[in-house]
Amino acid sequence: MSEPTAAHEEQGAVISTQGLTKRYRGGQLAVEGLDLSVPRGSVFGFLGPNGSGKTTTIRMLLGLIEPTGGSAHVLGEPMPGSARRVLPHVGALIEGPALYGYLTGRENLLRYDAADPTADPRSRAARADRALERVGLSAAAAKKARAYSLGMKQRLGLAAALLQPRELLVLDEPTNGLDPQGMREIRSLVRELADDGITVFLSSHLLDEIEQVCTHTAVMHRGRLITQGTVAQMSAGARGRLAVTTPDPGEATRVLKEAGVADLVTDGEEVSGEPPHAHELADLNAALVRAGVRVRAFGLRRASLEDVFVSLTGEGFDVAG
Amino acid sequence: MSQAETATGGGPPDSRARPARAVWSLGLFRSELAVTFRRWRTLALLAVLAAVPVLVGIAVKIETSDGGSIGGGDEGGPAFLSQVTGNGLFLVFTALAATLPFFLPMTVGVIAGDAVAGEAGAGTLRYLLVAPAGRTRLLLAKFSAVLAFCLTATATVAVFALATGALLFPTGQVTLLSGTSVSFGEGLLRAMAIAVTVALSLVGLATLGLFISTLTNSGVAAMAATVGLLITVQILGAIPQLDEIHPFLFTHYWLSFADLLREPVYWDDLLKNLGLQALYTAVFGSAAWAGFGARDVTA
């Protein structure tokens, strides 16, 4: 048993799956042939529209759902077989928080802590208090959880995931339903945790969220993995677009077209297009100015993950699989 | 593993070796009891059960305050009702006989049916499982909590009946069903034995309810199914043409607890009752374990 374990650990993958597949009893194929590899220490963004199989994958990784094909290793050990040894080192937030409304926030944490057979009951209260403090809920610890706002519930869910020192945090849509302030707080908490060296596996359908906090990403679409890599590689893969703001869009379009800029789009005072390969952008600007075009702004807009997604799937991102 | 150490930041040398201790894993059982008995719903069910003997006691007291007897004889009303005026201890037997056919098992059905399905419906089940509670351990903790509820529910009826009986009626020597008299102390002991027997009579239904509870993500559906099954079984048990199957219904020997009030005690039906409850527990306990262990938790 220890041989394959060591092998997976050496690759430095905290999560690795081989051909992971789940077909539900109704015949619906939720996840198909997933080969995922999450490097240790990364903040891994698991991206895909709603219904693309992200949650099913996460549930398989956590031993809640039995795969119908392939295998999954978490922290180097097979899941769901080694769930009892692996899961004490994994904190999870799955599809939103779930709490006992009739218990206080603190009692909720005590209950979840009691469910972990590796948790020492003598230090249980201290762990709960520390976790509450970490997510900024100490003041509301004695309040019944049903009186919590959605943001507070989300934070309490995070506190439960942080009861023990973890090697891996699995956060499924951690900012879902939060206001912008709540989102910012959760994201900064994720960054803090990553700075502590914890690997964070974060699923989201929000592209900018992944771009803001993640180092690595994988893109799911209709149960399949389309691509995975670092966020930087991913954005570099799609070329940026040239954008010019000018009060003379007509003239600008003519000049740019002559210079070889393709796919030109005019939107009010902004003209954008794909710059030609191997062309110094400054020359384009000079050409515009020579032609008497008054240029207010000129620059290359970096490709977003959304552009990558659209170029990979040929579909908008809001389409559910 | 060295990477893991740096990752967790100064943890123990081999952080993966954090062991599960047998004593520590009992924490879930304690937590389960606390969660069960802290709910308002549980307390409300117990309050209903406590009210039954009090109301029966007061009704009997009013009915007989003019020196008359109850309803003109032994017919009608639950067993032992007519003896209550002579000895308050009989209110315990009356109350148990009155609540056992429906009130007691209904409350057990609610608690057992909601045990797993309620957690699934609230979403807390997935967090308990990734904690990781372990499916077998969680099921055992749920089972123990349901058993504790069976005992508490029965004890609630018995204790409130005893208190009401002692307050409203005379106590003293207890005349058993077989005609012999025993001291109040021994009568009390027999009452305790009867309460335990009644609690054990509910175990079969409790396990059945727990099994149903593992099949669905809706606590209400599981509760309704369990209570519905109880009613169906009670109806089947009342149809004489079906007496072939009666010995296999978990309700069949329920009222055999009265045999503990004979001298000597008739053990036959008492033992058959316990055997039948054990059989139901074994069958539906295994089914629940097998089903829950392999089930996809999607809620």
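The largest cavity in this predicted model has a volume of about 160 Å³, and a search of the whole structure finds one cavity of 30 Å³ or more. Its lining is made up of 14 residues, of which Ala160(A), Arg166(A), Tyr127(B), Val130(B) and Ala131(B) are the closest to the centre of the cavity.

Four elements each supply at least two residues of this lining, namely β7 (90-93), α4 (105-115) and α6 (150-161) of chain A, together with α6 (124-130) of chain B. The largest share, three residues, comes from β7(A). By residue class, the lining of the largest cavity divides as follows.

| Class of lining residue | Residues in the lining |
|---|---|
| Nonpolar | nine residues |
| Polar | two residues |
| Charged | three residues |

Turning to the nonpolar cores, the largest has 161 residues, and those with the most contacts inside this core are Leu62(A), Val90(A), Leu109(A), Leu168(A), Phe201(A) and Phe93(B). Helix α7 of chain B, which spans residues 135-168, gives the most to this core, contributing 10 residues. A second core, separate from the largest one, has 11 residues, including Leu242(A), Val261(A), Leu284(A) and Ala287(A).

The surroundings of Leu62(A) can be described residue by residue: when neighbours within four places in sequence are left aside, Leu62(A) is in contact with Met79(A), Leu87(A), Val90(A), Ala92(A), Ile94(A) and Val170(A) of chain A, and with Val130(B) of chain B. Val130(B), a contact of Leu62(A), is also among the lining residues closest to the centre of the largest cavity, while Val90(A), another contact of Leu62(A), is itself one of the residues with the most contacts inside the largest core.

Note on methods
Residues are numbered from 1 along each chain as its sequence is written. Chains are lettered from A and ligands numbered from 1 in the order in which they are written. This is a predicted model: local features need pLDDT of at least 70, side-chain atom pairs count only at pLDDT 80 or more; totals for chains, interfaces and linings use all residues. Side-chain values use heavy atoms; hydrogens and water are left out. On a 1 Å grid over the protein atoms alone, a cavity is a set of points where a 1.4 Å probe fits but cannot get out, and a pocket is an open set with protein on both sides within 12 Å along at least five of seven lines; lining residues have an atom within 4 Å of a point. Grid points are joined across faces, edges and corners, and a volume is the space filled by probe spheres set on the points. Ala, Val, Leu, Ile, Met, Phe, Trp, Tyr, Cys and Pro count as nonpolar, Asp, Glu, Lys and Arg as charged, and the others, Gly among them, as polar. A nonpolar core is a set of buried Ala, Val, Leu, Ile, Met, Phe, Trp, Tyr and Cys residues joined through side-chain atoms within 4.5 Å. Buried means under 20% relative accessible area, exposed over 50%, partly exposed in between (1.4 Å probe, protein chains only). Contact means heavy atoms within 4.5 Å.
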